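Trainee: Hi, could we go through this model together? I'd like to ask about its empty spaces and its ligand.

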Amino acid sequence: MLKIGITCYPTLGGSGVVATELGKLLAERGHQVHFITHGMPFRLGKYQKNIFYHEVEVNDYYVFKYPPFNLALASKLAQVAKIQQLDILHVHYAFPHAVSAYLAKQIAADTRLKVVTTLHGTDITVLGQDPTLIDIIRFAINESDMVTAVSQSLIDDTRRTLQIERSIELAHNFVDERIYFPREVSALRAEFAQPHEKVLMHISNFRPVKRVSDVVDLFTLVRRQMPAKLLFVGEGPELPKIMARVREAGLAECVYFLGKQDEVAELISIADLLLLPSEKESFGLAALEAMACGVPVLASNTGGIPELIEHEVSGLMAPVGEISTMARLALSLLSDEQRLADMRQAAIARARARFSADAIVRRYEQLYEQVLKIEDQS
Ligand code: GMT
C-alpha cells in the first residue's frame with residue numbers, strides 16, 4: 001500500500017473532480033492519501049478512512065505585492081512528503097502544481113518521493129501557449145518522474161505545442177458507476193418539463209472555451225421545431241452574457257439556470273441530451289458523467305471528445321461552431337424515440353466498458369508501481 005500526496009485545484013473544474021475521486025478510490029483500496037491543497041476539495045465529502053487533508057496557508061507579509069502561493073505550496077508539499085514519508089506526489093494540472101512539486105522534491109531530497117504530473121487540458125492548450133509561461137511549464141513536465149494525460153489528443157497537443165519528447169502515459173478520465181447511473185427522476189423532471197417536452201442540458205464552468213452562446217443558438221433552432229426545455233448547470237464568467245442572450249432570444253420561459261451544483265448525477269438523469277459545443281475539450285468529463293447516466297451527448301468534434309463518443313452510436317459530434325448541423329443532429333435524434341433509447345444504452349455501455357473507475361484507478365496504481373522503480377539520476 002502506498003502513501004500518496006495529491007494536489008489539485010480544490011474548488012473548481014474537472015481536474016479537481018478527477019483528482020478528488022481518484023484519491024477517494026485509492027483510499028478505498030487501502031492506500032494512504034494526503035490531499036495537499038489550499039482548500040478542502042469540494043467532492044471530498046464526509047470523513048473517509050485513509051484520507052488526510054493538509055491545508056496550504058500563504059503568508060501575506062506586507063512586503064509582498066502578491067502572496068507567494070506557489071512557494072507556500074512547494075514548502076507544504078515538501079513538509080508533508082518528509083513527515084508522512086510519501087512515496088508519490090501526484091499533482092493535477094501542470095501549472096503551477098508541477099513546478100511546486102519539482103521544488104518540493106529538491107527540498108525533500110532525502111526521501112524516496114516521486115512526482116507524477118497529470119495534464120488536464122487548458123494547462124497545455126491555453127497556459128502552455130502563453131509565452132510568459134511556456135518555458136516553466138515545459139521544464140516542470142520534463143522534470144516530473146512520470147507524466148500522464150487524460151486523452152491521446154492532449155498527449156499530441158503537449159508534444160506539438162511544448163515540443164516535449166519524453167514519454168507521456170495515457171490515463172483517461174473515469175466515472176464511478178456507483179454514483180453515475182440512470183436514476184429514477186420523474187418527479188424532479190416534472191419540476192422543469194412536461195412529459196411531451198424534451199430536456200436539453202449544458203454543464204460547465206461558463207468560460208469562453210465552452211462556447212456557451214452556441215448552446216443558446218442551437219436550442220433556439222431546436223425549440224422552433226419541437227417543445228423543449230433547456231437547463232444550465234454551473235457558473236462562470238460568461239453566465240451574465242448568456243442570461244442576457246436567453247432573454248433577448250425570448251427564451252426566458254423555457255430556460256432554467258440552476259447555478260453551481262456539487263452533486264449532478266440526479267440532475268443529469270432528467271436530460272434527454274447534453275450539449276457540449278466547446279472550442280477545446282481535452283476530455284469532457286461532464287460528457288462522460290452524462291453518458292454513464294444514460295444521457296447521450298452532442299459535442300463538438302474537438303480534442304479528446306472523439307476518444308469518448310462514437311458518432312451516431314454512443315453520441316453525436318459536429319465541427320466546432322456549426323450550430324445548424326448541431327441543431328439538425330439534435331432534432332433528428334430527439335424525434336426518434338427508438339434511436340434515442342438505443343443511444344442511451346450505447347452511451348452507458350461505452351462509459352462502463354472504456355472509462356470505468358475500477359479499471360482506470362488500477363491503471364494509476366500500475367503507473368505508480370512503475371515510477372517507483374525508476375532510479376533517480378542524482
Ligand atoms: O475546462 C477547463 O479549463 C478546466 C479544466 C479543469 O481544470 O477541470 O478542464 C480540463 O480538465 C478536465 C478534467 O480532466 C477535462 O475533462 C476537460 O475537458 C478539460 N477542459 C478543457 O480541455 C477545456
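Trainee: To start, what volume does the largest cavity have?
Mentor: About 70 Å³. A cavity here is a set of points, on a 1 Å grid over the protein atoms alone, where a 1.4 Å probe fits but cannot get out. Grid points are joined across faces, edges and corners, and the volume is the space filled by probe spheres set on the points.

Trainee: Anything I should know about the model itself?
Mentor: This is a predicted model, where local features need pLDDT of at least 70, side-chain atom pairs count only at pLDDT 80 or more, and totals for chains, interfaces and linings use all residues. Residues are numbered from 1 along each chain as its sequence is written, and side-chain values use heavy atoms, with hydrogens and water left out.

Trainee: Thanks. How many cavities of 30 Å³ or more does the structure hold?
Mentor: One. Its lining includes Val-17, Val-18, Glu-21, Arg-43 and Phe-174; lining residues have an atom within 4 Å of a point.

Trainee: Which helix gives the largest share of that cavity lining?
Mentor: α1, with three residues. Helices are DSSP runs of H or I with at least four residues, strands are E runs of at least two, and both are numbered from the N terminus.

Trainee: And how do the residues lining the largest cavity divide?
Mentor: Seven are nonpolar, none polar and four charged. Ala, Val, Leu, Ile, Met, Phe, Trp, Tyr, Cys and Pro count as nonpolar, Asp, Glu, Lys and Arg as charged, and the others, Gly among them, as polar.

Trainee: Pockets next. How many residues line the largest pocket?
Mentor: 47, with Gly-13, Gly-14, Ser-15, Asn-205 and Lys-210 nearest its centre. The volume of this pocket is about 1,300 Å³. A pocket is an open set with protein on both sides within 12 Å along at least five of seven lines.

Trainee: Which domains contribute to that lining?
Mentor: Domain 1 (3-174 + 356-377) and domain 2 (186-354) each give at least three residues; the bounds come from an automatic or database domain assignment.

Trainee: Now the ligand. Which residues are closest to it?
Mentor: Gly-14, Ser-15, His-120, Asn-173 and Glu-281, out of 17 that surround the ligand, meaning a heavy atom within 4 Å. A polar side-chain atom of Ser-15 is 2.6 Å from a ligand oxygen, and a polar backbone atom of Gly-14 is 2.4 Å from an oxygen of the ligand.

Trainee: How much of the ligand does the protein bury?
Mentor: 92% of the 480 Å² that the ligand exposes when taken alone, by the Shrake-Rupley method with a 1.4 Å probe.

Trainee: Last one: which peptide bond is cis?
Mentor: The one from Phe-95 to Pro-96, with omega near 0 degrees. Pro-96 sits in the loop between β4 (88-92) and α3 (97-107).

Key
Polar contact = N/O pair within 3.5 Å; in protein donor to acceptor, adjacent residues only side chain to side chain.
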